[in-house]
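Here is a set of questions about how the terms used for a protein model are justified. Each answer sets a value beside the cut-off that it has to meet.

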Amino acid sequence: MTAAGRGAGAGVVIGIVIVLLAQQLGLLEFANFTVPLIYFLLGAILGAIVFGAIGLVIGRRARRKAGMEAWQGAQASDTASSPTPTTPPKN
Amino acid sequence: MALAVLISIAGVGAAVPTHASTTPATGGFTPGVSPSFLGRVTWNNVNPVNDTSPSDALPIHFSGNITIQYTWKSVSAVSGNQSPPPTFTVYDARLQIFFFGFPLATRDVDVSGAVASTGGVINLSWDPTTYGYVLAGLYAITTSMLTPTGTTLWSQTFLVDASAPLLIGAALPAVLVIIVIAELYYVATAGREALHEPLKPKKGPPTGEPETTPPASAPASPGETPPATDGGAKSP
């Protein structure tokens, strides 16, 4: 599963749970059946979008950081045999 | 992050408006199915007739005993009419809590030996402590008075706001907060998962991103500048 997919899946759960939590905190009333369903649907969609985007950003940052560390490791092994400085990548 | 969630939840809970309804127990009768039947209910001596919106919900605690008093009387249908008011037989006083459109709890008081009369008082005592361990929040409560055949003579729906100890002291809100924290942690660790994603093959010239051009293979000779020095994500 990609990081964005993982974030979107968690966002669906968070969106639904937040709506239920709002009811438990006295902000929403669930007396009938249809209105809570609409709240749950909206919460799930918004949660998937927001946390999917967050997961996407987190995943990209992690991969960029891992690439940077791998490059620095290679540079460290190279400079051991050559004193010539090199330019690091601009990330 | 978990601390921030708890603080924000506490802030939301603190922003819940307090109950401003001070409707006295006297008066406040509302007509039933028949305009001659007037009924009233009090929740611990407070008349919740105006508590029909979430901001006006009657604040309660699901702890201790609650006394609900049903009072009814009949009046002449036509004002100024000197004829005696009609008589009604109230056999059952009912309390129902609705959640998702379904009755979460139902309590009844049956009047033994009910006879037709022009008024009466029925007391219903209820101890909802067991609900207090599990639930909190806004709930719709319907109180009604019924005939021996089950026909509704009068009903009234109002909202109550049951508060949990320390906002999340009941089981359900506490579990919900834990789920939110767990899911936030799951999202926060998505970066670790991203490192195991297979890389998509890119078309066209190399973009120079670190993940598409592994830096470990970049510097072939000492002192060579790696291919990612152009800023990483620039395309020609």
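**Strands, core and surface**

Q: How do you know that β5(B) and strand β8 (residues 137–146) of chain B pair, and in which sense?
A: In this predicted model, β5(B) and β8(B) are joined by seven bridges in the antiparallel sense. Pairing requires at least two bridges, so the seven found here satisfy the definition. Within this pairing, B:Ala93 has B:Met145 of β8(B) as its bridge partner.

Q: What makes β5(B) and strand β6 (residues 102–110) of chain B a pair?
A: Eight bridges link β5(B) with β6(B), again running antiparallel, and since at least two are needed, the two strands count as paired. B:Phe98 stands opposite B:Pro103 of β6(B). In the hairpin that these strands form, two residues lie between the strands, and B:Phe100 takes a positive phi near 55°.

Q: Why is strand β5 (residues 92–99) of chain B called mostly covered?
A: A residue is buried when its relative accessible area is under 20%, and six of the eight residues of β5(B) are buried, so the strand is described as mostly covered.

Q: What makes β1 (30–31) and β7 (119–126) of chain B edge strands?
A: The open sheet of chain B has four strands in the order β1-β2-β4-β7, with antiparallel pairing, and β1(B) and β7(B) each pair on one side only.

Q: How do you know that strand β2 (residues 37–43) and strand β4 (residues 66–74) of chain B pair?
A: Seven antiparallel bridges connect β2(B) and β4(B), and as the requirement is at least two, the pairing follows. One of the residues involved is B:Leu38, whose bridge partner in β4(B) is B:Lys73.

Q: Which residues touch the most other members of the largest nonpolar core?
A: Of its 48 residues, A:Phe30, B:Phe37, B:Trp43, B:Ile68, B:Tyr70, B:Leu95 and B:Trp126 touch the most other members. Helix α1 (residues 3–24) of chain A gives the largest share of this core, seven residues. Leaving aside residues up to four places away in sequence, B:Ile68 touches several residues, including B:Trp43, B:Leu95 and B:Trp126.

Q: Why is A:Ile49 called exposed?
A: The relative accessibility of A:Ile49 is 56%, and exposed means over 50%, so A:Ile49 meets the cut-off. A:Ile49 is found in helix α2 (residues 34–79) of chain A, and with A:Leu41, A:Ile45, A:Val50 and A:Ile54 makes a nonpolar surface patch of about 450 Å².

Technical notes: Residues numbered from 1 in each chain as written. Chains lettered and ligands numbered in written order. Predicted model: local features only at pLDDT ≥ 70, side-chain atom pairs only at ≥ 80, totals over all residues. Heavy atoms only, no water. Patch = residues over 30% accessible without salt bridge, like charges linked within 9 Å, V, L, I, M, F, W, Y side chains within 5 Å. Areas by Shrake-Rupley, 256 points an atom, 1.4 Å probe, with all protein chains shown as cover. Salt bridge = Lys/Arg side-chain N within 4 Å of Asp/Glu carboxyl O. Buried < 20%, exposed > 50% of the residue type's maximum accessible area, 1.4 Å probe, protein only. Core = buried A, V, L, I, M, F, W, Y, C linked by side-chain atoms within 4.5 Å. Contact = heavy atoms within 4.5 Å.
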